[in-house]
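Thank you for making time for this at group meeting. I would like to walk through one structure with you, and I will try to keep to what can be read from the atoms.

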Amino acid sequence: MTNDQGVPSNVLVIEDDVPMRRFLRAALENEGYRVTEAGKAREGMTMILGHPPDLILLDLGLPDADGMTVLRRVREWSQVPVLVLSARGQEYDKVEALNEGADDYLTKPFGVPELLARVRVALRHSARIKAGAGEGAARFESGDLTVDLGARRVTAKGADVHLTRTEYRLLALFVRNAGKVLTHRYLLQEVWGPGCELQTHYPRMYVAALRRKLEEDPADPKYLLTEQGVGYRFTEGT
Amino acid sequence: MESGTDRLLVCIGPSPTSAKVIRTAARMAASLGVPWTAASVETGRTRALSAGARDALLENITLAERSGAETVTLSGYDVADEILAYARAHSVGRIIIGKSRERGWEALVRGTIVDRLLRASGDIDIYVVQGAAEPRPAPQASGRRRPDRRGYLIALAAVIAASLVAWLLHRAGLSEANQSVVFILAVIAAAIWGGLGPGIAAAVLSVLAFDYFFVPPYLTLAVGDVQYVVTLLVLAVVALLVGTLAARLRRQVETARMRERRLESLYRLSEALSGASGVSALALAAERELAGIFESPVAVYVPGEDGALGLARAPEPQSGPREPEAAAWAFANGMVAGDGAGAFPSAGALYVPMGTAHGTIGVLAVKSPRAGALASPENRQLLATAATQIATAIEREFLAVRTRASALEAETERMRSSLLSSVSHDLRTPLAVIAGTTGTLLGLGEGADPSTRQQLLTEVSEESDRLARLVENLLAMTRLDSGRITPAKEWFPLEDVIGSALGRLKKQARGRKIDKHIPADLPPVPLDGVMIEQVLFNLVDNALKYSPVDAPVEISVSAGADEVVIEVADRGPGLAANETRAVFEKLYRGTAAAGNARGAGLGLAIAQAIVQVHGGRIWAANRPGGGAVFTFTLPLGAPPADLGAFDDGPLEEE
């Protein structure tokens with residue numbers, strides 16, 4: 001994988017477990033990325049400063065410092081995409097990392113296809129922002145679903161879909177962040193505005209409504225996926 | 001009650017001289033280093049004490065309490081008997097009593113209380129102390145009650161009536177013996193209705209009336225014939241004896257009645273206490289029962305985790321007594337405080353420490369209807385007994401909780417060790433496969449046949465998945481077992497959780513058909529998304545595992561008035577009759593699929609634990625037409641009023 005100048009993207013892996021690092025390196029290099037490794041938080045910080053990477057894979061449990069600390073320090077001056085690696089049952093940590101500016105997360109154990117998909121989405125997203133193209137595409141098309149943000153037109157299952165204003169705002173946010181997980185807090189802030197942070201059922205009710213209008217089977221969705229305990233992810237469908 | 005025969009007992013009464021006796025006893029107890037008890041005996045006579053004498057008695061009791069004595073009020077007919085009975089029952093070695101100044105015929109005939117104590121004391125030492133009156137601000141009445149005018153009127157009327165009847169008998173020509181019997185009747189009537197004094201008065205009056213009216217010469221007190229002297233003497237003795245006996249009977253009946261009332265109250269209290277469980281419920285039952293007896297608000301205080309006294313039950317009472325200092329003092333010193341007691345005498349309530357053999361465990365507070373109302377020995381005695389009953393009940397509750405906790409701990413420990421042995425097997429199997437397979441691949445090196453290599457790698461991948469799932473289940477079970485997990489409930493459309501569970505099951509489902517029947521108008525359900533997703537994941541995973549690949553798995557949802565019912569059904573072999581409960585036990589593995597499905601038998605146990613912490617139910621059954629169905633319910637609540645739909649017109653109108 002290359003960036004817009006035709007140079008392979010540089011991925012920094014900050015992870016203390018050696019076999020895990022080896023596996024990540026193998027999987028990423030096989031896809032054409034350049035990979036650098038750090039086993040500790042301090043080492044990782046030095047490498048980020050010395051040779052800024054295009055993407056960081058960050059383990060949350062590091063021996064010398066909390067991964068969250070690294071994330072906060074990086075976010076003080078850089079918008080480089082950060083993918084957090086964590087375990088199931090630590091939904092709270094994931095949400096906190098995402099709210100602190102992580103771009104996405106991977107739950108251990110994860111498969112190679114999942115890893116590559118997340119890395120691709122994060123890099124594409126950051127390239128768009130760098131190019132000044134704003135947050136995401138103005139048009140989304142996949143299978144039987146099209147969303148045209150310019151024309152404010154949504155079609156699904158072969159027909160025009162009529163949305164309410166809130167539904168549309170929510171869908172537009174998902175489309176602009178396609179592939180990324182969005183936390184409840186982020187959705188509430190962006191769609192409902194400040195003061196609603198505790199009303200976590202708002203997005204859930206609206207996602208349910210959107211699913212009924214957009215999905216073939218709202219109880220087994222293709223596009224609007226729930227990441228239980230974390231938030232929602234809008235995908236291209238599988 | 002302490003054991004040993006060293007306890008010291010001091011007898012107290014209303015006499016002002018008791019104060020000195022109490023002080024002597026306190027000094028003696030202190031120098032001997034033994035506990036001591038101050039006992040007052042309630043007889044029919046003491047109940048008839050004047051108000052002043054009652055106060056004096058109370059003051060003496062309070063003085064004894066303040067000096068460090070345990071106080072008891074005994075109840076019975078004979079002071080000496082009661083004291084000795086109590087002393088023997090409570091291993092008392094020494095009895096102290098003031099020098100008696102009893103007067104009257106009873107003291108002459110039977111001896112004073114001191115005499116009787118000395119006679120019957122056996123191996124108990126009796127110390128007789130010279131009491132001395134201490135100056136008191138208020139004048140104290142003597143022990144006897146004032147003549148009850150009504151009683152004496154009854155005596156007079158009885159004698160007059162007897163005289164009339166006797167006159168009629170005399171006119172009818174019957175002998176004097178019959179007439180004297182009528183007078184005896186009058187004495188009995190006067191003694192029963194009026195008490196001892198009127199009884200004696202009636203006896204004297206009867207003798208006089210008999211002499212005056214029926215002994216010749218008539219209408220004089222002179223006695224003409226010597227034989228009438230005997231008749232008069234016999235009548236006098238019989239009248240006095242009968243009168244005394246009748247009065248004593250009356251007193252005994254009264255005492256028995258009072259004791260019965262008290263026993264009944266205590267019995268009702270113990271009934272109420274035995275029917276309650278939990279400290280809060282016990283306190284509530286006691287408060288209700290005692291409030292009924294005393295017709296005044298009652299509260300039970302026990303120390304909280306911070307050591308400060310607080311109400312044993314919620315919520316706070318509106319009018320219950322609340323005087324923290326008095327309550328705290330009573331608790332700290334194990335002595336009665338508040339209204340009429342030695343400490344905090346002006347408080348609006350009486351605070352009685354509730355003690356058991358293991359110390360004071362709380363305070364019983366009774367609001368006083370008016371100052372000093374609770375101070376009577378009967379009430380104090382009743383309260384002390386009630387306090388002990390409540391304390392014992394609460395202590396029993398504490399012990400029960402502790403026993404339950406240790407039993408649970410033992411059970412948990414047992415579970416844990418059997419879990420460990422089972423799990424270590426389940427962990428080792430996939431690890432052995434992975435280690436063996438990868439070792440084989442390494443050994444084959446470049447020479448491996450590509451299809452063999454592919455097959456071996458697939459196996460490694462599958463075993464890793466199994467291992468991952470097992471570890472995840474183990475962790476989930478551990479978290480649930482620790483009991484610290486409470487569901488973080490939020491409002492969910494049920495489809496949301498079903499969808500995310502199915503999303504996680506893509507690999508296991510491998511394109512198998514999963515039918516869903518979900519009504520469109522389902523209300524949102526309060527639940528913990530991560531947990532309920534796990535329940536659905538485990539149930540559907542189970543259904544997939546235990547049913548043929550070409551049979552669909554069905555998920556059906558229906559909503560009742562106050563719960564939502566979720567069913568996961570398969571077309572597998574179903575459950576054996578004895579399995580419907582067993583499947584939810586940890587480590588249980590279905591007999592139906594012993595061969596092709598492997599796991600640690602934790603999935604359903606986890607599902608059950610999660611559903612239960614949500615306040616729902618879960619059960620298993622067989623389906624008509626074959627297969628098993630797992631059903632769980634989740635309680636519904638009043639859905640949130642605000643669904644975030646402000647400014648929500650159709651997009652086209654913007």
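I will begin with chain A, then turn to the interface, and finish inside chain B.

Please keep in mind throughout that what you are looking at is a predicted model. In chain A, the secondary structure comes to eight helices and twelve strands, and of the 238 residues in this chain, 53% count as buried. If we take the contacts in chain A with a separation of 6 or more, 58% of them are accounted for by residues 24 or more positions apart.

Let me stay with chain A for its charged side chains. One salt bridge joins A:E37 and A:R21, at 2.8 Å from N to O. Because A:E37 sits in strand 2, residues 34-38, while A:R21 sits in helix 1, residues 18-30, this pair ties together parts of chain A that are 16 residues apart in sequence. The two partners are not equally covered: A:R21 is buried, with a relative accessible area of 14%, whereas A:E37, at 23%, counts as partly exposed, since buried would require a value under 20%. Elsewhere in this chain, A:D104, A:E114, A:R118, A:E227 and A:R233 are linked in a network of salt bridges.

Now to the interface, where the first thing to ask is how many residues of each chain are in contact. The count is 32 residues of chain A against 36 residues of chain B. As a general remark, the size of an interface is often given as the accessible area lost when the parts come together. Here chain A and chain B bury about 3,000 Å² between them, and 48% of that is on carbon and sulfur atoms.

What about polar and charged pairs across this interface? There are eleven residue pairs in polar contact between chain A and chain B, counting pairs with both residues at pLDDT 80 or more. On the side of chain A that touches chain B, helix 6 (165-176) and helix 8 (201-214) each supply at least two residues, and the largest share, eight residues, comes from helix 8.

Between the two chains the count of salt bridges is five, one of them formed by the side chains of A:D220 and B:K506 at 3.2 Å, N to O. Another salt bridge brings together B:K516 and A:D217, at 2.8 Å. B:K516 belongs to strand 12 of chain B, residues 514-517, and A:D217 to the loop between helix 8 and strand 11 of chain A, so this pair joins two chains. A:D217 itself is partly exposed, with a relative accessible area of 27%.

For a contrast within one element, consider B:R268 and B:E264, whose side chains meet in a salt bridge at 3.3 Å, N to O. Both lie in helix 10 of chain B, residues 226-274, four residues apart, or about one turn of the helix. B:R268 is partly exposed at 35% relative accessible area, and B:E264 is partly exposed at 44%. Over all chains, the whole structure holds 35 salt bridges.

Finally, the interior. The largest nonpolar core has 51 residues, and those with the most contacts inside it are B:L494, B:V564 and B:F632. Helix 17 of chain B, residues 529-545, gives the largest share of this core, nine residues, and the core draws at least three residues from each of domain 4 (426-479) and domain 5 (486-646) of chain B. Leaving aside residues up to four places away in sequence, B:L494 touches B:L522, B:V525, B:L527, B:V557, B:V564 and B:I566.

Notes: Residues numbered from 1 in each chain as written. Chains lettered and ligands numbered in written order. Predicted model: local features only at pLDDT ≥ 70, side-chain atom pairs only at ≥ 80, totals over all residues. Heavy atoms only, no water. Core = buried A, V, L, I, M, F, W, Y, C linked by side-chain atoms within 4.5 Å. Buried < 20%, exposed > 50% of the residue type's maximum accessible area, 1.4 Å probe, protein only. Domains from an automatic or database assignment. Contact = heavy atoms within 4.5 Å. Buried area = accessible area lost by both parts, 1.4 Å probe. Salt bridge = Lys/Arg side-chain N within 4 Å of Asp/Glu carboxyl O. Polar contact = N/O pair within 3.5 Å; in protein donor to acceptor, adjacent residues only side chain to side chain.
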